[in-house]
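Here are my notes on the model you sent, as numbered points. Please read them beside the coordinates.

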Amino acid sequence: MRSPLDRIRHALSFEILALLLIIPLGAWLFHMPVEAIGVATIVAATLATVWNYAYNELFDRVMRRISGSTQKSPPVRVLHAILFEAGLLVVLMPFFAWYLQITLWQAFVLDISFAAFYMVYALVFNWAYDRLFPLPEWQES
């Protein structure tokens with residue numbers, strides 16, 4: 001298991017590097033000022049963090065009430081991920097449209113693009129992080 005300090009290093013480096021990549025990339029791809037995309041992505045990352053906490057709390061409470069447990073089967077994990085992203089889309093799309101003064105369709109495309117980026121980024125980042133900071137127990141196997 002990773003230590004609390006290592007988890008903090010992981011979380012902070014994940015978010016900071018993501019923002020350093022997505023802000024200029026988003027500005028370039030969507031032909032918007034870096035400052036506007038920067039504010040939008042920082043707000044989105046903050047809202048995603050708050051939504052993550054609230055959503056997981058609510059999902060676990062509902063699961064416990066329905067099944068008596070919070071253990072998730074593979075199909076429930078897929079449903080969990082889809083509902084998380086759908087909820088985040090409902091929150092972020094109107095914010096993007098309002099703040100960036102774009103249509104809801106453009107905000108939808110922007111949001112889906114960010115979600116796709118984060119899926120690929122999370123895979124690459126976590127693989128690289130595990131290579132850079134391996135746990136001692138991994139050396140034994």
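1. Arg9 has a relative accessible area of 38%, so this residue is partly exposed. Its salt-bridge partner is Asp6, with the closest N and O atoms 2.6 Å apart. Asp6 is on the other side of the burial cut-off: its relative accessible area is 8%, and it is therefore buried. The two residues are three apart in helix α1, which means that about one helical turn separates them. Please keep in mind throughout that this is a predicted model.

2. Asp6 also forms a salt bridge with Arg2, where the closest N and O atoms are 2.5 Å apart. Both Arg2 and Asp6 are buried.

3. A second pair to check is in helix α2. Glu57 and Arg61 form a salt bridge, the closest N and O atoms being 2.9 Å apart. These residues are four apart in helix α2, so the separation is about one helical turn. Glu57 counts as partly exposed because its relative accessibility is 35%, and Arg61, at 56%, counts as exposed. Elsewhere, Arg2, Asp6, Arg9 and Asp130 are joined into one network by salt bridges that share partners. The count of salt bridges comes to five.

4. Helix α1 covers residues 4–30, and its length is consistent with its residue count. At 1.5 Å a residue, its 27 residues should span 39 Å; the end C-alpha atoms are 37 Å apart, so the two values agree. Just after α1, His31 takes a positive phi of about 50°.

5. Which residues of α1 are buried? They are Asp6, Phe14, Ala18, Leu19, Ile22, Ile23, Gly26 and Ala27. The cover over these buried residues includes α2 and α4.

6. The surface also carries a nonpolar patch, formed by Ile8, Leu12, Ile16, Leu17, Leu20 and Leu21. Together these residues have about 570 Å² of accessible area. One of them, Leu17, lies in helix α1. Leu17 has 37% relative accessibility and therefore counts as partly exposed.

7. The same length check was applied to α4, which runs over residues 104–132. Its 29 residues should span 42 Å at 1.5 Å a residue; the end C-alpha atoms are 40 Å apart, so this helix agrees too.

8. Within α4, the buried residues are Ala107, Leu110, Asp111, Phe114, Phe117, Tyr121, Phe125 and Tyr129. What do the buried residues of α4 pack against? Their packing partners are α1, α2 and α3.

9. The last point concerns Lys72, in the loop between α2 (34–67) and α3 (74–100). Is Lys72 buried or exposed? Its relative accessibility is 16%, so Lys72 counts as buried, the cut-off being under 20%. The side chain of Lys72 makes a polar contact with the side chain of Asp60, at 2.9 Å. Apart from neighbours within four places in sequence, Lys72 is in contact with Phe59, Asp60, Met63, Arg77 and His80.

Conventions
Residues numbered from 1 in each chain as written. Predicted model: local features only at pLDDT ≥ 70, side-chain atom pairs only at ≥ 80, totals over all residues. Heavy atoms only, no water. Buried < 20%, exposed > 50% of the residue type's maximum accessible area, 1.4 Å probe, protein only. Polar contact = N/O pair within 3.5 Å; in protein donor to acceptor, adjacent residues only side chain to side chain. Contact = heavy atoms within 4.5 Å. Expected span 1.5 Å × (residues − 1). Patch = residues over 30% accessible without salt bridge, like charges linked within 9 Å, V, L, I, M, F, W, Y side chains within 5 Å. Areas by Shrake-Rupley, 256 points an atom, 1.4 Å probe, with all protein chains shown as cover. Salt bridge = Lys/Arg side-chain N within 4 Å of Asp/Glu carboxyl O.
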